[in-house]
Amino acid sequence: MSQSVSSAPPRLAVVGIPGNRRVGLFQDAVRAAGLPAARTVSWADVLRGDVLRGDAGFLPGEIVRVDSPGEDAEVDRLLRGTDDPTRVEGSARWYARFTAAVRDVARAARAAGAELLDDPQDIAVLFDKRICHGVLNAAGVPVPDSPTSGPGAGPVRGWADVRALMSGHRMPRVFVKPAHGSSASGVVALETAGPGRVRAATSVERDAEGRLFNSLRVRRCTTEREVAALIDALAPDGLHIERWLPKASQRGRVADLRVVVVAGRATHAVVRTSRHPMTNLHLGGARGDLGQVRTSVEAAGGNWGAALAVCERAAACFPGTLCVGVDLLPATGWRRFTVGEVNAFGDLLPRLTGLSGSGAEGLDTYGAQIAAVLHRSRNDRATHAP
């Protein structure tokens, strides 16, 4: 390899939504590292087949990042088959079309001699909560108990199945989640206390025609009839059930953490607090105090480093993917931690800089990923140097 080739900076491409904030933050990190702007390949072009035809393909030697296809009405229509992006239904169709498109991207990239930062099989697992839970559990990562974990679990056909599974597994409090949902879309926090005594919290709203819509507010369902109708409407797209674990609190609000793991190392963490079971920031959750979390963990006799190591073990289940976001659930008392979910696109945390000792100090989540790409590129050049 010539000196000019071996010393050339990596060329990047990102499959995403042009003009989207995710792509913008990634491009900011690319520029901050002194690299040429990443070439953007539109998800709309991918879904129309332009990548496979070569009209929007990849270049030899490019390093390709697969980013979220969210926040674009046309792309959502191509994936979900509906013109209303607030609709909940269609997640199974979305999953089938999205994972097929990711495989198309992978074939086109490999055919061109480009390198992927995100493995298509990893992404397929990460977007199926049932399969992902089974992978984590098999690897010894602490996860909530689940009767729907892994490929061998039977389907959940509706409310009758949910009630039977809750009773049979002695789970009076559960989270019922669409198997292919994200951002708490369609999630139901459900409690039972005997025949006919049911209550639930969810951001899903049903209109007079029975259609399901995402809302930015969490509402309560207090009758079994209402909950049953909701679960029956969600079930055709596939459901995953997990035991609802009591979580630690901060200043009177339930708390959990989103921990970003880049190249195997926990680099960023944010505390999310809420007055209701879902802590997602877009549903009214608020960022908590990470320093106070560390103090609480140490005061309880726990170990903050061990908590981060749980996230790194979860990320290690997806070795072909550079970056994941891990939802870490602290148990009451701050000594034990469980992994709720692992997210393929869990790095959208603007202005959050790296953890002390992580190697990402002063970098946001995107900057940490660019640093990891550059480190890998330098190692590759050193390995192939004459």
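**Exercise 1. Find what the side chain of Thr148 reaches, then describe its surroundings.**

The side chain of Thr148 gets to the backbone nitrogen of Ile241 at 2.9 Å. That passes as a polar contact (a pair of N or O atoms within 3.5 Å; within protein, one must be able to donate a hydrogen and the other to accept it, and residues adjacent in sequence count only if both atoms are side-chain atoms). A word on the source: this is a predicted model, where local features need pLDDT of at least 70, side-chain atom pairs count only at pLDDT 80 or more, and totals for chains, interfaces and linings use all residues. Residues are numbered from 1 along each chain as its sequence is written, and side-chain values use heavy atoms, with hydrogens and water left out.

Next, place the residue: Thr148 sits in the loop between α8 (129-138) and α9 (159-168). Helices here are DSSP runs of H or I with at least four residues, strands are E runs of at least two, and both are numbered from the N terminus.

Then check burial. Thr148 has 1% relative accessibility, so it counts as buried; the classes are buried under 20% relative accessible area, exposed over 50%, and partly exposed in between (1.4 Å probe, protein chains only).

Last, list neighbours. Leaving out residues up to four places away in sequence, Thr148 touches Arg130, Ala153, Val156, Leu165, Leu239, His240 and Ile241, where contact means heavy atoms within 4.5 Å.

**Exercise 2. Work out which backbone nitrogens the side chain of Ser146 meets.**

Start with Thr148: its backbone nitrogen lies 3.1 Å from a polar atom of the Ser146 side chain. Now go to Ser149, whose backbone nitrogen is reached by the side chain of Ser146 at 3.4 Å.

Ser146 is also in the loop between α8 and α9, and it counts as buried because its relative accessibility is 18%. Beyond four places in sequence, its contacts are His133, Met171, His240, Ile241 and Glu242.

**Exercise 3. Pick out the nonpolar cores and their best-connected members.**

A nonpolar core is a set of buried Ala, Val, Leu, Ile, Met, Phe, Trp, Tyr and Cys residues joined through side-chain atoms within 4.5 Å. The largest has 63 residues, and Trp43, Phe58, Leu136, Val339 and Val342 have the most contacts inside it. Helix α6 (residues 91-112) is the top contributor to this core, giving 9 residues. There's also a second, separate core of 26 residues, including Ala29, Ile63, Val270 and Leu349.

Zoom in on Val339: among its contacts more than four places away in sequence are Leu136, Val141, Pro142 and Val310.

**Exercise 4. Decide how Cys311 and Cys317 are placed with respect to disulfides.**

Count first: the structure holds 0 disulfides, a disulfide being a pair of cysteine sulfur atoms within 2.5 Å. For Cys311, the nearest cysteine sulfur is that of Cys317, 12 Å away. For Cys317, the nearest is that of Cys132, at 7.9 Å. On burial, Cys311 is buried at 0% relative accessible area, and Cys317 is buried at 19%.

**Exercise 5. Test the overall shape against the globule rule.**

The rule is 2.2 Å times the number of residues to the power 0.38, with the radius of gyration taken over C-alpha atoms. For 386 residues, a compact globule would come out near 21 Å; the protein has 21 Å, so the two agree.

For the rest of the picture, the C-alpha atoms fill a box of roughly 75 × 50 × 35 Å along the principal axes. The protein has 13 helices and 15 strands, and buried residues make up 54% of its 386 residues.
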